[in-house]
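Visitor: I would like to go through the labels attached to this model one at a time and hear the reasoning behind each of them. Could you take me through it, setting values against cut-offs as you go?

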Amino acid sequence: MPRAIWALGFVSLLMDISSELIHSLLPVFLVTGLGASMVTVGLLEGAAEATALIVKVFSGALSDWWGKRKPLALLGYGLAAVTKPLFALATSVEPVIAARLVDRVGKGIRGAPRDALVADIAPPDQRGAAFGLRQSLDTVGAFLGPLLAMGLMLLWHNDFRAVFWVAVIPAALCVLLLVFGVQEPERPAGARRTQPISRENLRQLSGTYWWVVGIGAIFTLARFSEAFLVLRVQQGGLTIAWVPMVLIVMNVIYALGAYPFGRLADALDRRLLLAMGVVVLIAADALLAWSGQGLVVWAGIALWGVHMAMTQGLLAAMVADTSPPELRGTAFGLFNLVSGIAMLIASGLAGLLWDGLGPSATFVAGMGLAALSLLALLLRPAPRTAKPS
């Protein structure tokens, strides 16, 4: 595996530790520390995610037009790093809102160029492993951040600002590692600079690419926000102090499985492995629909982590396989936009079903949508790898 892939994985790990240190505590800090309403918290989270989705498309297209990925990734991670001290210094809601939105702009800027950079660096026969490795290290950060936040809050007697200052350290290390640890491949000599988001260029995104986008969207509709896993366990009687264990357990399994399943994706038909991941999601939904208590619900959470490990890096590899190299940034941006919109819709529908019919209905609906994506996988031949135009 190229050294730059490892470096990009640890860049993601460090930024996730920094971000989750803050984000795992931010809603409580806003409400109890700054007096924000729950409506404010909800609107802030919705605006933040919408901002990231919109920016992703343009940053991916810009990286294709410019022919460079690393400067945009560096800008995105740099913006996120600059916002970390603002959370610690905030004495009112407004600076937190500004910092959160700028942080999401940074996420939107770096996402598609970084994924395209992974595809550019990794040998074609190691793409699944490369995306799996990066996703695995990213997920390690996703559970280390909340763990560290819990420990520091206990140690420092719920001093939010002191914990937020700690988040500055991994964010700074992340930027330094990207600067000195990743070297971008040179653009081919004589490569022509074009406008990626044009009718002529978008025609180069084949039907197989849009098939992957469609499968990803249907699959995301079935895989709503993990917040509903937390609510399911809390409703089952788990005390609030232990509720973070839900995401920690899921992310540990996700992190352990992402790289091995990524390597498996390089050896198997990727459509087959994705179908297996959908079957695991259906099993997870079935267990979570059945019960919110005991071993049943924890088995459902564990299977949710397994399906994430099997599918998330795999979908990224399939986007890379089915898009021309000169349009990879645009391809990842469009894929992320469609999947993100699907996630917002899925979470909204899940909440409506939960309020109207109960938690079991939410997970039964997830089973139905997952079965629909499985049917779509089985009815279409496996995508072919895209060739440079």
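Visitor: Why is H157 called exposed?

Guide: In this predicted model, H157 has a relative accessibility of 69%, and because exposed means over 50%, H157 is placed in that class. H157 is located in the loop between α6 and α7 (160-166), and although H157 is not a glycine, its phi is positive, at about 55 degrees.

Visitor: What makes N158 count as exposed?

Guide: The reasoning is that N158 has a relative accessibility of 53%, and since the class begins over 50%, N158 counts as exposed. N158 also sits in the loop between α6 and α7, and N158 has a positive phi of about 60 degrees without being a glycine.

Visitor: Why is L281 called buried?

Guide: L281, a residue of helix α13 (residues 270-290), has 0% relative accessibility, and because buried means under 20%, L281 falls in the buried class. Leaving aside residues up to four places away in sequence, L281 touches F219, A222, R223, W304, H307 and A370. With F219, the separation is 62 residues in sequence and 9.6 Å in space, taken C-alpha to C-alpha.

Visitor: What makes A365 partly exposed?

Guide: A365 belongs to helix α16 (residues 359-379), and its relative accessibility is 28%, which is neither under 20% nor over 50%, so A365 counts as partly exposed. A365 and A350 are 15 residues apart in sequence, and their C-alpha atoms are 8.1 Å apart in space.

Visitor: Turning to the helix pairs, why is α10 called roughly parallel to α13?

Guide: Helices α10 and α13 pack at an angle of about 15 degrees, with their axes 11 Å apart. Angles under 35 degrees count as roughly parallel, and therefore α10 is roughly parallel to α13. The two helices make a left-handed crossing, in which W211, I215, F219 and A222 of α10 form the contact with R271, L274, V278, L281 and D285 of α13. Sorted by class, the residues of this contact are seven nonpolar, no polar and two charged.

Visitor: And why is α10 called roughly antiparallel to α14?

Guide: Helix α10 (residues 207-222) packs with α14 at an angle of about 155 degrees, and the axes are 10 Å apart. The cut-off for roughly antiparallel is over 145 degrees, so the label follows for α10 and α14. The crossing of α10 with α14 is left-handed, and the residues that meet are Y209, W211, V212, G216 and F219 in α10 and H307, T311, Q312, L315, M318 and V319 in α14. The contact of α10 with α14 divides by class into seven nonpolar, four polar and no charged residues.

Visitor: Why is α5 described as oblique to α6?

Guide: Helix α5 (residues 93-121) and helix α6 (residues 127-155) pack at an angle of about 140 degrees, with 9 Å between their axes. An angle of about 140 degrees is not over 145, nor is it under 35 or within 65 to 115, so α5 counts as oblique to α6. The crossing of α5 and α6 is right-handed. On the α5 side R114, D115, V118 and A119 take part, and they meet R127, A130, F131 and R134 in α6. By class, four of the residues in the contact of α5 with α6 are nonpolar, none is polar and four are charged.

Visitor: Which residues have the most contacts inside the largest nonpolar core?

Guide: The largest nonpolar core has 107 residues, and those with the most contacts inside it are L30, V96, F131, F164, Y209, W304 and F332. Helix α14 (residues 294-321) gives the most to this core, with 13 residues. As for F332, its contacts, not counting residues up to four places away in sequence, are with A112, D115, A116, A119, F131, A316, V319 and A320.

Visitor: How many helices and strands does the protein have, and what percentage of its residues count as buried?

Guide: The protein has 16 helices and zero strands, and of its 389 residues 52% count as buried. Among the contacts with a separation of 6 or more, 85% are between residues 24 or more positions apart.

Terms used: Residues are numbered from 1 along each chain as its sequence is written. This is a predicted model: local features need pLDDT of at least 70, side-chain atom pairs count only at pLDDT 80 or more; totals for chains, interfaces and linings use all residues. Side-chain values use heavy atoms; hydrogens and water are left out. Axes are lines fitted to C-alpha atoms, for helices over the stretch in contact, and angles run from 0 to 180 degrees between N-to-C directions. Helices (H or I, at least four residues) and strands (E, at least two) are DSSP runs, numbered from the N terminus. A crossing is left-handed if the near helix is turned anticlockwise from the far one by less than a right angle, and right-handed if clockwise. Contact means heavy atoms within 4.5 Å. Ala, Val, Leu, Ile, Met, Phe, Trp, Tyr, Cys and Pro count as nonpolar, Asp, Glu, Lys and Arg as charged, and the others, Gly among them, as polar. A nonpolar core is a set of buried Ala, Val, Leu, Ile, Met, Phe, Trp, Tyr and Cys residues joined through side-chain atoms within 4.5 Å. Buried means under 20% relative accessible area, exposed over 50%, partly exposed in between (1.4 Å probe, protein chains only).
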